[in-house]
Amino acid sequence: MKSSFKYFILAIVACGAGYLFGAYYGLPCADESQTAGDINRTNVYKTIISNPDEQMPLIKQRLSEFVAVSNWACVEAEALTDEGAQELKDAATALATLQKKCKKAENKPDKAYDLLSEQIKAGKKFVTAADKYLSSQPEMINSLASIRDIMASFCTQNALITQNDDEIDYWSNAPALLLNEDMVYSEPEPVAE
């Protein structure tokens, strides 16, 4: 019994010495590509996937709101007739493509959650194109500026839901073009396809 106790103490001392040696010299080395990423996003994703009944109503609401907001953005972009609006029209086309994905993913929690990030990306493209187009115009087009501001607000909310720190920083520094009293709140009628 004395012998096994002596080996037990020796093993504990060896483990402690090994731990201290590894901590001092940084062993074992960590592969930074495996540890890179946003833990907050992973935790939110795991929460949604592990408990879809509780989280999916919010995700479904975001998907349907995106369809409505992007539909309005598409209508505004298609109404423009000048050559300078092509980038904006391309961004609106990307929004229309994403609308179809949103409709297909309504009951698939993992796919639906991933679409929130895609909405941010497509929304950023639209907002950037709208900013560029509006800056080239002699006077403000309130209806386009309104949907641009609404899309920016929508992307900000998605960034908060997905806990994407880079996007939260980006959208918090993207000011609205219009004041609340200048906003055009009526959604135009969709163009028949």
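Here is a walk through this protein, from its overall make-up to a few single residues.

The model is predicted, so a few ground rules help: local features need pLDDT of at least 70, side-chain atom pairs count only at pLDDT 80 or more, and totals for chains, interfaces and linings use all residues. Residues are numbered from 1 along each chain as its sequence is written, and side-chain values use heavy atoms, with hydrogens and water left out.

Let us start with the whole. The protein has eight helices and zero strands, and its elements run α-α-α-α-α-α-α-α from the N terminus on. Helices here are DSSP runs of H or I with at least four residues, strands are runs of E with at least two, and both are numbered from the N terminus. Of the 193 residues, 32% count as buried; that word stands for under 20% relative accessible area, while exposed is over 50% and partly exposed is in between, with a 1.4 Å probe and protein chains only. Contacts (heavy atoms within 4.5 Å) often link distant parts of the sequence: among those with a separation of 6 or more, 78% are between residues 24 or more positions apart.

Now step inside. The largest nonpolar core has 41 residues, and Leu88, Leu95, Phe126, Leu144 and Met151 have the most contacts inside it. Two or more residues each come from α4 (52-78), α5 (86-104), α6 (109-135) and α7 (142-162), and α6 gives the most, with twelve. Such a core is a set of buried Ala, Val, Leu, Ile, Met, Phe, Trp, Tyr and Cys residues joined through side-chain atoms within 4.5 Å. In soluble globular proteins, nonpolar side chains tend to be buried together. To see this core from one residue, look at Phe126: leaving out residues up to four places away in sequence, Phe126 touches Ala73, Leu88, Ala91, Ala92, Leu95, Leu144, Ile147, Arg148 and Met151.

Several of those partners sit in α5, whose buried residues include Leu88, Ala91, Ala92 and Leu95. Lys89 and Gln99 are also among the buried residues of α5. This helix has 19 residues and reaches 28 Å from its first C-alpha to its last, close to the 27 Å expected; the expected span is 1.5 Å times one less than the number of residues.

Follow the chain on to α7, where the 21 residues should span 30 Å and the end C-alpha atoms are indeed 30 Å apart. Asn158 lies in this helix and is buried, at 0% relative accessibility. Apart from neighbours within four places in sequence, Asn158 is in contact with Arg62, Leu116, Gln119 and Ile120. Ser153, also in helix α7, is partly exposed at 35%. The C-alpha atom of Ser153 is separated by 8.6 Å from that of Ala176, 23 residues apart along the chain.

Just after α7 comes Gln163, with a positive phi of about 60°. Most residues other than glycine have a negative phi. Gln163 lies in the loop between α7 and α8 (165-172) and is partly exposed, at 28% relative accessibility.

Finally, turn to the outside. The accessible surface (Shrake-Rupley method, 1.4 Å probe; for residues, only the protein chains shown count as cover) comes to about 12400 Å², and 56% of that belongs to carbon and sulfur atoms. Phe5, Phe8, Ile9, Ile12 and Val13 make a nonpolar patch of about 510 Å². Patches are made of residues with over 30% relative accessible area and no salt bridge, where nonpolar side chains (Val, Leu, Ile, Met, Phe, Trp, Tyr) are joined within 5 Å and like charges within 9 Å; a salt bridge is a side-chain nitrogen of Lys or Arg within 4 Å of a carboxyl oxygen of Asp or Glu. Phe5 lies in helix α1 (residues 2-25) and counts as exposed, at 55% relative accessibility.
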